[in-house]
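Please open the structure in your viewer and keep the sequence beside it. This tour goes from one selection to the next and says what can be found at each stop.

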Amino acid sequence: SSSSSSSSSSNLFLVVYGDSGTGKSAFFSRLLDKQFCRIKGGSWHNVFSRLLADHICRVQDPDSLSPIKWARSIAGQIFLALRERHRHGAALKVGGHADREAFTSWLEKEESARSILSEWVIPVLKSLASAEALGGRDTIAIDSLDEALTLGLAKGEGRDGRTIVKYLIDFKDQWPSWIRFVATSRRYKATEALEPLVGASISVQ
């Protein structure tokens, strides 16, 4: 069975909750499967066509839990989406980057996830009037947010440590209104940190 709840304040985030083995990651992998979504059509194809960037958190892969690696990945995927639409020239100007190589060099050397988000990702997205500039791509998808929280616990910072979830919460009100997030997570005590960013949720039991 499943249940859903929504908040009147924002529908920016959709978090799919479920226990281990309920199919959250299988669902997420299907969202990223172009052929599957094309064959299924309907809502599957619609969601796939709206994906702007994606990220998978895995406790077995420390790099996937790193906020800086996540921020770099998201920025890189957004840049590629802009280049496909021939909009990357204006995006480079946002950060004062002379060309793609200069942007890539900055992205690889920048060690602050906060700087990447505040100095480039969000300003670039805000410079676009809507998702139309990206061919309708307006959704950032993240699998297993609960595993991202383990980074803070491992560092002794607790669930409020500097994790991907922490940055999502800190920047919740800064994304342009047309951007959407879809995420999966297990629901247990540590994921209480996710609650401030939930606009709607679906619990799979």
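Select Arg30 to begin: not counting residues up to four places away in sequence, Arg30 touches Phe36, Cys37 and Trp44, where contact means heavy atoms within 4.5 Å. Arg30 lies in helix α1, and helices (H or I, at least four residues) and strands (E, at least two) are DSSP runs, numbered from the N terminus. With a relative accessible area of 38%, Arg30 is partly exposed; buried means under 20% relative accessible area, exposed over 50%, and partly exposed in between, with a 1.4 Å probe and protein chains only. Add Phe48 to the selection, which is 18 residues from Arg30 in sequence and 9.1 Å from Arg30 in space, C-alpha to C-alpha.

A word on the model itself: it is predicted, so local features need pLDDT of at least 70 and side-chain atom pairs count only at pLDDT 80 or more, while totals for chains, interfaces and linings use all residues. Residues are numbered from 1 along each chain as its sequence is written, and side-chain values use heavy atoms, with hydrogens and water left out.

Now select the whole of α1, residues 24-31, in which Lys24, Phe28 and Leu31 are buried. Seen down the helix axis, the buried residues of α1 fall within an arc of 55° (taken from the directions from the axis to the C-beta atoms), so they line one face of the helix. An α-helix has 3.6 residues a turn, so residues three or four places apart point the same way. Among the elements that cover the buried residues of α1 are β2 (13-18), α2 (34-40) and α3 (42-50).

Move next to α8, residues 113-126, and select Ser115, which lies in this helix. Ser115 is buried, with a relative accessible area of 15%, and it touches Glu110 and Trp120, not counting residues up to four places away in sequence. The buried residues of α8 also include Ile116, Leu117 and Val121, and the buried residues of this helix pack against β3, α5, α6 (88-94), α7 (100-109) and α10.

Keep α8 and add α5, residues 67-84: how do the two helices lie? Their axes come within 9 Å and cross at roughly 20°, the axes being lines fitted to C-alpha atoms, for helices over the stretch in contact, with angles that run from 0 to 180 degrees between N-to-C directions. That makes α5 roughly parallel to α8, a term for angles under 35 degrees. Residues that make the contact include Trp70, Ala75 and Phe79 of α5, and Ile116, Trp120 and Val124 of α8.

From α5, select Pro67 together with Val165, whose C-alpha atoms are separated by 8.7 Å although the two residues are 98 apart along the chain. Val165 lies in helix α10, residues 164-170, and is buried, with a relative accessible area of 1%.

Two loop residues come last. Most residues other than glycine have a negative phi, and most peptide bonds are trans. His86, in the loop between α5 and α6, has a positive phi of about 60° although it is not a glycine. Ser144, in the loop between β4 and α9 (145-154), likewise has a positive phi, of about 65°, and is not a glycine. Are these two residues buried or exposed? His86 is exposed, with a relative accessible area of 68%, whereas Ser144 counts as buried at 4% relative accessibility.

Technical notes: Angles under 35 degrees count as roughly parallel, over 145 as roughly antiparallel, 65 to 115 as roughly perpendicular and the rest as oblique.
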